[in-house]
Structures are given as structure tokens and as C-alpha cells.
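Subject: Handing over a structure

Dear colleague,

I am passing on the structure that we talked about, and below it you will find what was found in it. Please keep it open while you read, so that you can look up each residue as it is named.

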Amino acid sequence: MRVDQLHPWPSTAAEAEAVQDALRGRVELTGPEEFALVAGLDVHYHGDDEVTAAVVVLDAATLDVAEQAVAHGRAAFPYVPGLFAFRELPALVSALERLTVTPDLLVCDGYGLAHPRGFGLACHIGVLTGLPSMGVGKTPFVGESEPPAPERGSWTPITYGGATVGRAVRTRDGVRPVYVSQGHRISLDTATRQALLLAPRHRIPEPIRRADHLARHPPS
DNA sequence: GCGACAG
DNA sequence: ATCTTGTCGC
């Protein structure tokens, strides 16, 4: 698939925050409810600043792999909480550009709306591609949430500044929840439903698990 | 002031 | 993210 021009790349934290503030208004919080091709994205770090980005596209109906791609590069920004997306975005976009199919949903490792400025990685990549996107985080980062009931499928809201920005979702009985938030062109109900549909067996949704594996063990 | 802080 | 063994459970 093709991804349009990123934007002037920030060299300081202030510039990066300005990019987030400029793009935040483009996020749409409603969209399709079902997706035929779902892509998981993840990045693996080696050495100092070397990264391998992986994208794995699954057939949503069977969870079989439809296509996958990797791209090697360098972390494009220092790690600063809240500016995490700037580290991984260029490598992820390179990997997406190597796909011959266009996914219907991007599932990111990290947050979307649940972010100090309401514009985490999932929102950012959704706006750049124009595709529906959502974030699945493994640890609570922003906002407050009560633990959901222990049964798979239960969830509680994540609130930040009085607003609901995501949900803590239990994808496995008795296992700590994942933290789901909207990226772009998706409702919170749909994102929650997708997180559960895509994680029938493990805590982490299958597209992200596959992408994590591919980034750690790229071919040749 | 210090630690914590998506990955 | 990464540095790191064994162990319990499905």
C-alpha cells in the first residue's frame, strides 16, 4: 500500500508535540464495525538505535496470515513518554509500503486516544494512512481504570481528564487486562469487540503477536 | 528535587 | 525496548 508524505520530521520535543497538536483534529471516532483484513504492527529494537518493523496482515475470519512485510531502520527519535510514535513511525510506514494489499484495520502495539495529548501512535498512523486503527497497550500509561472482572470479555473504562479514552479489557480469564483505545475511524465499542475477536486464545491479539514474532525473527 | 513514564 | 532462570499452568 501507499502512504502519503509524513510531515516535517521534528527534531525537538516541542516540535513533536506541535505535530501531534496539528494532526489531532483529523482523528475520527466512528467508522466501520467489521474488517476483512486486519494488520498487526510491531517494532523490535536491537543494539543502540536499530529497529526492525513488522506488519502482519490476517484474514479476520480465520486469523490466517494473508501477507507480511518487514523493514529495517533506525529509531527516528529518542524515547520520550508521550512522543513514542516518533521513534517507530518511519520504520512502520516503510513496512506498510511493502504490502501489496491494503488492510482494513491497523492494530498497534501501544495507545491511541489514551495519551496525554489524545494522539498516541495508533491515532498517528491512522491519520497518516487514512485507515481505521486502534491501539492495544500492555501496561496502563495514562488515566485511571478499575480492574475489570476476572472473566474474559469484561472491561472497565479508562478515564483521563473526566473523559473516557479507552478500556481495560480482559481477553483471558484471570489474566491481567490489555488497554484498548481508539486510533482513527473506529468506535470504542468496535475496538473493544475487535480486541476480543482477535484474541480468542492469548492475552495479546493475534495480529500483534504475529508482528512481534516476525520483528524478532525476520526472514534471512 | 526525585522517581515514574506507551515501547 | 533490553539485561535474565526457573517454574507453574493451559
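Does Arg209 count as buried, partly exposed or exposed, and what is the relative accessibility behind that label? Please bear in mind throughout that this is a predicted model. Arg209 has a relative accessibility of 32%, and because buried means under 20% and exposed means over 50%, Arg209 counts as partly exposed.

Arg209 is a good place to begin with the charged pairs. Glu206 forms a salt bridge with Arg209, in which the closest N and O atoms are 3.3 Å apart, and both residues lie in helix α5, which covers residues 206-216. They are three residues apart, which is about one turn of the helix. Glu206 also meets Arg210 in a salt bridge between their side chains, with 3.8 Å from N to O, and these two are separated by about one helical turn because they are four residues apart in helix α5. Glu206, Arg209 and Arg210 are therefore linked in a network of salt bridges. Within this network Glu206 is buried, with a relative accessible area of 14%, whereas Arg210 is partly exposed at 35% relative accessibility.

A search of the whole structure finds seven salt bridges, and another one of them joins Asp189 to Arg167, where the closest N and O atoms are 2.9 Å apart. Asp189 lies in helix α4 (residues 188-197) and Arg167 in strand β7 (residues 163-169), so this pair ties together parts that are 22 residues apart in sequence. Asp189 is partly exposed, with a relative accessible area of 43%, while Arg167 is buried, with a relative accessible area of 10%.

The other topic is the DNA. There are 15 residues around DNA strand B, and the closest are Tyr79, Phe84, Lys138, Thr139 and Phe141. Of the atoms of DNA strand B that come within 4 Å of the protein, sugar and phosphate account for 50%. The residues of the surface near the strand divide into eight nonpolar, five polar and two charged.

Some contacts can be followed atom by atom. A phosphate oxygen of DNA strand B is 3.0 Å from an N or O atom in the side chain of Thr139. A base nitrogen of the strand is 3.2 Å from a polar backbone atom of Tyr111, and a base nitrogen is 3.3 Å from an N or O atom in the side chain of His115.

With best wishes

Note on methods
Residues numbered from 1 in each chain as written. Chains lettered and ligands numbered in written order. Predicted model: local features only at pLDDT ≥ 70, side-chain atom pairs only at ≥ 80, totals over all residues. Heavy atoms only, no water. Near = heavy atom within 4 Å. Polar contact = N/O pair within 3.5 Å; in protein donor to acceptor, adjacent residues only side chain to side chain. Nonpolar A, V, L, I, M, F, W, Y, C, P; charged D, E, K, R; others polar. Salt bridge = Lys/Arg side-chain N within 4 Å of Asp/Glu carboxyl O. Buried < 20%, exposed > 50% of the residue type's maximum accessible area, 1.4 Å probe, protein only.
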